[in-house]
Amino acid sequence: MSTPDATEHQALVRAAQSALAASPARTLEFAHGGERYVAKREAQATRGVLSALLARWLARRVTGASLPMGALKLSAAASGVGFEARRLQALAAAGVRVPRLVHHGDGFLLMAHCGATVASLLAGWDRDTWRRELAALAAELGAFHRAGQWHGGAQIKNLTRMNGQTWRIDFEETFGELVPLAAAQAFDVVLFVNSISLRGPIDEDEARTLLPALLRAYFAANPDPQVRAVFARALRWAKVAAALSAPFRRLNFGGRQRNGAARLKLLADAIGGQLAPRGVQDVP
Ligand SMILES: Nc1ncnc2c1ncn2[C@@H]1O[C@H](COP(=O)(O)OP(=O)(O)O)[C@@H](O)[C@H]1O
Ligand SMILES: [Mg+2]
């Protein structure tokens, strides 16, 4: 006979299954027993050899280290079913605030809802609030890295706020299993900063002030010279890419502004400023 807890758990899993059956969405929110949950279908496509080779190439360029071929095999294993569930469990065990995993299997993950995303909150913040909140998030990313962790999807759409605390979500990225830790962490910083630059209320003028402040907050919390070294190597490539993409910076495609090239320039400038010897970086 099932215990009341097991019966309740089964009812919750069934509620998730019917919510998923009723919607084509990959990730959806639903309420059950007065609590909010999120059900997420597992990704169909596993990342193949191509992305593993790309990661290998990037890692060599940016870290100088050659990845062992075994890392490619690891990638295949990592992108299999259950990767995100294992990451959620490992991070929770390490004391990182991630959604409580309720169930995993049958092609989906079921987890506790952890509040609104920072990306959605940003639209409603005034300048003082976003400067304060985003700098605090940059420092949190630094502390998370200092504890030896990497996110893989550190964009503000993958950070939520609940009860005055930040939660990290979305752990499908396997990139960090393929490259040295410092490279995965540097990539987190790039994703985080780029997810803020020229988004919502953060226009170009604001980005020129905000991005360096975010990087300062990050490096104050994680002064790891290895992460700096990755940025120093990557900066050369970023400068070349920014120069090549300069003509596309203000182009409009189909009425929609594409900001990728402008973001790259803002990011390269902000990182360059942080890597410059002290005393030089503050000169306009
Ligand atoms: N545990 C959660 N709590 C609150 N919102 C969530 C949670 N998990 C996912 N979401 C919402 O669903 C969106 C997509 O989920 P995510 O895990 O990031 O999948 P994807 O791989 O599609 O980006 C998130 O950006 C967020 O808005
Ligand atoms: Mg996501």
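In the predicted model, the magnesium ion (ligand 2) is coordinated by OD1 of Asn158 and by an OD atom of Asp170, at 2.2 to 2.3 Å. Asn158 belongs to the loop between α6 (127-146) and β6 (159-162), whereas Asp170 belongs to the loop between β7 (165-168) and α7 (175-178), so the pair ties together parts that are 12 residues apart in sequence. The two coordinating residues fall into separate accessibility classes: Asn158 is buried because its relative accessible area, 6%, is under 20%, while Asp170, with a relative accessible area of 25%, counts as partly exposed. The backbone of Asp170 also deserves mention, since this residue has a positive phi of about 70 degrees although it is not a glycine.

Both metal-coordinating residues reappear in the surroundings of ligand 1, around which there are 16 residues, with Lys40, Cys114, Asn158, Asp170 and Glu172 coming nearest. Polar contacts to ligand 1 involve side chains as well as backbone. An N or O atom in the side chain of Lys40 is 2.8 Å from an oxygen atom of ligand 1, and a side-chain N or O atom of Asp170 is likewise 2.8 Å from an oxygen atom of the ligand. In the case of Cys114, a backbone N or O atom lies 2.8 Å from a nitrogen atom of ligand 1. Of the 540 Å² that ligand 1 exposes when taken alone, the protein buries 76%. The elements that give two or more residues to the shell around ligand 1 are β2 (35-41) and β4 (108-112), and by residue class this shell divides into 6 nonpolar, 5 polar and 5 charged residues.

A positive phi is also found at Asn163, a residue other than glycine, where the value is near 50 degrees. Asn163 is placed in the loop between β6 and β7, and its relative accessible area of 70% puts it in the exposed class.

At the level of the whole protein chain, the secondary structure comes to 11 helices and 9 strands. Of the 284 residues of the chain, 44% count as buried, and the accessible surface comes to about 14700 Å², of which 57% belongs to carbon and sulfur atoms. Among the contacts in the protein chain with a separation of 6 or more, residues 24 or more positions apart account for 65%.

Key: Residues numbered from 1 in each chain as written. Chains lettered and ligands numbered in written order. Predicted model: local features only at pLDDT ≥ 70, side-chain atom pairs only at ≥ 80, totals over all residues. Heavy atoms only, no water. Helix = DSSP H or I, 4+ residues; strand = E, 2+ residues; numbered from the N terminus. Buried < 20%, exposed > 50% of the residue type's maximum accessible area, 1.4 Å probe, protein only. Contact = heavy atoms within 4.5 Å. Areas by Shrake-Rupley, 256 points an atom, 1.4 Å probe, with all protein chains shown as cover. Donors = N, O, S within 2.8 Å, 3.2 Å for Na, K, Ca; no water. Near = heavy atom within 4 Å. Polar contact = N/O pair within 3.5 Å; in protein donor to acceptor, adjacent residues only side chain to side chain. Nonpolar A, V, L, I, M, F, W, Y, C, P; charged D, E, K, R; others polar.
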